[in-house]
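Trainee: I've got a model open and would like to learn how to read its features. Can you walk me through it?

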Amino acid sequence: MKKLVLIMVMAFVGVVAQAQEKLNKNAKIMIEVNGNCGMCQKRIQKAALSVEGVKSAVWDIESHQLSLILNEEKCTPLAVKKAVAKVGHDTDEVKATKEDYEKLHTCCMYERKE
């Protein structure tokens, strides 16, 4: 009888663990994004949050790091990088076009790396 109860408990734990694994599809990602000020911060975060699947986006002015929580089934880090580049900010992988960069306010124009 004890063996039967033990087997049932083990089976239940295995099912619960597998269900938890399926529920956790969110990933924490860090992306380097160029910018200077609070206006940049608002623009970068808004662009990142506009991508479907992004749950959280926080850009740190000091470190230039964009911290993301995203659903990997709905979007990719590359999609976020493209959205951020579209509003004029270079990322570690995707560069903004010259036209998008030049639309930035003068205080937001950072030194670009070629």
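Mentor: Let's begin with one residue: leaving aside neighbours within four places in sequence, Val 80 is in contact (heavy atoms within 4.5 Å) with Ile 31, Ala 48, Val 51, Val 54, Leu 66, Leu 68 and Leu 70. Before going on, note that this is a predicted model, where local features need pLDDT of at least 70, side-chain atom pairs count only at pLDDT 80 or more, and totals for chains, interfaces and linings use all residues. Residues are numbered from 1 along each chain as its sequence is written, and side-chain values use heavy atoms, with hydrogens and water left out.

Trainee: Which residues have the most contacts inside the largest nonpolar core?

Mentor: The general idea: in soluble globular proteins, nonpolar side chains tend to be buried together. A nonpolar core here is a set of buried Ala, Val, Leu, Ile, Met, Phe, Trp, Tyr and Cys residues joined through side-chain atoms within 4.5 Å. Buried means under 20% relative accessible area, exposed over 50%, and partly exposed in between, with a 1.4 Å probe and protein chains only. In this model the largest such core has 24 residues, and Val 54, Leu 66, Leu 68 and Val 80 have the most contacts inside it. At least two residues each come from β1 (26-32), α2 (38-49), β2, β3 and α3 (77-86). α2 gives the most, with four residues. Those labels are DSSP runs numbered from the N terminus: helices are H or I with at least four residues, strands E with at least two.

Trainee: How do I read the sheet, and what is its strand order?

Mentor: Strands of a sheet pair through backbone hydrogen bonds, either parallel or antiparallel. Two strands count as paired if DSSP finds at least two bridges between them. Here an open sheet of three strands has the order β1-β3-β2, with antiparallel pairing. β1 and β2 are the edge strands, since each pairs on one side only.

Trainee: How many bridges join β1 to β3, and how many join β2 to β3?

Mentor: Seven bridges join β1 to β3, and Ile 31 has Leu 66 of β3 as its bridge partner. Five join β2 (residues 54-59) to β3 (residues 65-71), with Ala 57 partnered by Leu 68 in β3. The hairpin of β2 and β3 has five residues between the strands, and His 64 there takes a positive phi near 65°.

Trainee: Now α2: which of its residues are buried?

Mentor: Cys 40, Ile 44, Gln 45, Ala 47 and Ala 48 are buried in α2. They sit on the same side of α2 because they cover an arc of only 160° around the axis, taken from the directions from the helix axis to the C-beta atoms. The buried residues of α2 pack against β2, β3 and α3. On the face turned away from that buried side are the exposed residues Lys 42 and Lys 46.

Trainee: Is Gly 38 in α2 buried or partly exposed?

Mentor: Gly 38, found in helix α2, counts as partly exposed because its relative accessibility is 32%. Its C-alpha is separated by 9.0 Å from that of Cys 108, 70 residues apart along the chain.

Trainee: And what does Asp 100 touch?

Mentor: Asp 100 is found in helix α4 (residues 98-102) and is buried, with a relative accessible area of 9%. Not counting residues up to four places away in sequence, Asp 100 touches Ala 85, Lys 86, Val 87 and Gly 88.
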